[in-house]
Amino acid sequence: MAEADLHDLDAFVAVARARSFRGAATLRGVSASALSTALRRLEGQLGVRLLNRTTRSVTPTEAGQRLLDRLGPAFGEIAGALDAVASLGDQPSGTLRLNVPSIVARHVLPAIAARFLIAHPAITLEVTTNDSFIDVLAAGFDAGIRYDERIERDMIAVPLGPRIQRFIAAGAPSYLARRGVPATPRALIDHACIRHRFASGVILPWEFSHQGQVLRIAPNGPLVSTSIDISIAAAIAGLGLIYTFEEYLRAPLARGELVAVLADWGQSFSGPFVYFPSRRQMPTPLRAFIDFLRDDVRTPPSPRA
């Protein structure tokens, strides 16, 4: 295929992944009009519409999705080949693209990323925050970061950050004075609770464990939100109890804006992992990151067999 065709295909992949001409243009460092021209040229060459465009959204057509599914891995291999050539230099170089959940982006990855980039100044790190589970390879990422229960079994997983994390429940002093302190998770049925909706639309029950006993509660309350900041603000305002990662609540707990409840019933779980497909040719920036984690965290990778 001609060089111009490859540029047009790359433009299509960028726009289809970003679901936006403007967003793709920002990532690529080009104008949105240049991407639009490339898409029109490619669609004209193929004789089929690849993207549905409205004033509010850009989505692949059936033909566009099929093309994206085939091109995603192919462009990943091209990037890996270029990275492999670049690795022949004095130091690893290239771009490392990671897809990470919000909790990791805010409380786990920043310090690790800073140390990694200081150690590898020729590598560019691109971090995309996403709380849903996706096919990282098809979406154009080198690796994802997720928690153990959400990693597919054919992936390689490497520990990142704290090995144990936990959820804790808390409420504002004003709320607890008004409604009382719950003695067990079952008491939450009579309390106002602030719940979290995941990007998939799912609202999970609150799960607690104590001395081998596990309780799952589906509470009700005045607020359901995908934003942890809105949820925390509501809890501090005394609207209800919140149950989330301890890291999110550490500061308001320290300031006395929130008070922990059900301390004996917290939920502990393994910390996050970097996960990626088992393949022969690992991109050089990803290999450098995995090697860095081994030295920095001093924990070996765990195959998901």
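Which side chain meets that of Asp-8 in a salt bridge? In this predicted model, the partner is Arg-41, with an N to O distance of 2.7 Å. The contact links distant parts of the chain. Asp-8 belongs to helix α1 (residues 3–18), whereas Arg-41 belongs to helix α3 (residues 32–46). The two residues are 33 residues apart. Their surroundings can be read from their accessibility. Asp-8 has a relative accessibility of 2%. This value is under 20%, so Asp-8 counts as buried. Arg-41 has a relative accessible area of 45% and is partly exposed.

The Asp-8 pair is one of 10 salt bridges in the model. Side chains of opposite charge can pair when their charged atoms come close. A further pair joins two strands. Glu-126 forms a salt bridge with Arg-97, and the closest N and O atoms are 3.6 Å apart. Glu-126 lies in strand β4 (residues 123–129) and Arg-97 in strand β3 (residues 94–100). This pair, too, links distant parts of the chain, with the two positions 29 residues apart in the numbering. Glu-126 is partly exposed at 31% relative accessible area. Arg-97 is partly exposed as well, at 27%.

Another salt bridge connects the side chains of Glu-257 and Arg-255, at 2.9 Å from N to O. Glu-257 has a relative accessibility of 28% and counts as partly exposed. Arg-255 has a relative accessible area of 55%; this is over 50%, so Arg-255 is exposed. Salt bridges also form a network, which links Arg-287, Asp-291 and Arg-294.

Strand β15 comes next. How many of the five residues of β15 (residues 273–277) are buried? Five of the five are, so the strand is largely enclosed by the rest of the structure. In a regular strand the side chains alternate between the two faces of the sheet. Both faces of β15 are covered. Phe-273, Tyr-275 and Pro-277 are buried on one side. Val-274 and Phe-276 are buried on the other.

Strand β15 pairs with strands β5 and β6. Strand β5 (residues 143–146) pairs with β15 in the antiparallel sense over three bridges. Within this pairing, Ile-145 has Val-274 of β15 as its bridge partner. Strand β6 (residues 155–159) also runs antiparallel to β15, and their pairing spans five bridges. Here the bridge partner of Met-155 is Pro-277 of β15.

The model also contains open space. Rolling a probe the size of a water molecule over the atoms shows where empty space is left. The largest pocket has a volume of about 1000 Å³. Its lining comprises 37 residues. Of these, Phe-167, His-196, Phe-198, Leu-204 and Phe-245 are the closest to the pocket centre. Several elements give two or more residues to the lining. They are α5 (102–107), β8 (193–196), β9 (206–210), α8 (228–236), β12 (241–245) and β14 (267–270). By residue class, the lining divides into 18 nonpolar, 11 polar and eight charged residues.

Several loop residues complete the description. Thr-61 lies in the loop between β2 (58–60) and α4 (62–86). Thr-61 has a relative accessibility of 12% and counts as buried. A polar atom of the Thr-61 side chain lies 3.0 Å from the backbone nitrogen of Gly-64. Ala-183 is found in the loop between α7 (173–179) and β8. Ala-183 is exposed, with a relative accessible area of 64%. The C-alpha atom of Ala-183 is separated by 8.2 Å from that of Val-261, although the two residues are 78 residues apart along the chain.

Positive phi values occur at Gln-211 and Leu-262, neither of which is glycine. Phi of Gln-211 is near 50 degrees. Gln-211 lies in the loop between β9 and β10 (213–217). At 75% relative accessibility, Gln-211 counts as exposed. Phi of Leu-262 is near 55 degrees. Leu-262 lies in the loop between β13 (259–261) and β14. Leu-262 is buried, with a relative accessible area of 9%.

Notes. Residues numbered from 1 in each chain as written. Predicted model: local features only at pLDDT ≥ 70, side-chain atom pairs only at ≥ 80, totals over all residues. Heavy atoms only, no water. Buried < 20%, exposed > 50% of the residue type's maximum accessible area, 1.4 Å probe, protein only. Helix = DSSP H or I, 4+ residues; strand = E, 2+ residues; numbered from the N terminus. Pairing = 2+ DSSP bridges. Salt bridge = Lys/Arg side-chain N within 4 Å of Asp/Glu carboxyl O. 1 Å grid on protein atoms, 1.4 Å probe; cavity = no way out; pocket = protein on both sides within 12 Å on 5 of 7 lines; lining within 4 Å. Points joined across faces, edges and corners; volume = space filled by probe spheres on them. Nonpolar A, V, L, I, M, F, W, Y, C, P; charged D, E, K, R; others polar. Polar contact = N/O pair within 3.5 Å; in protein donor to acceptor, adjacent residues only side chain to side chain.
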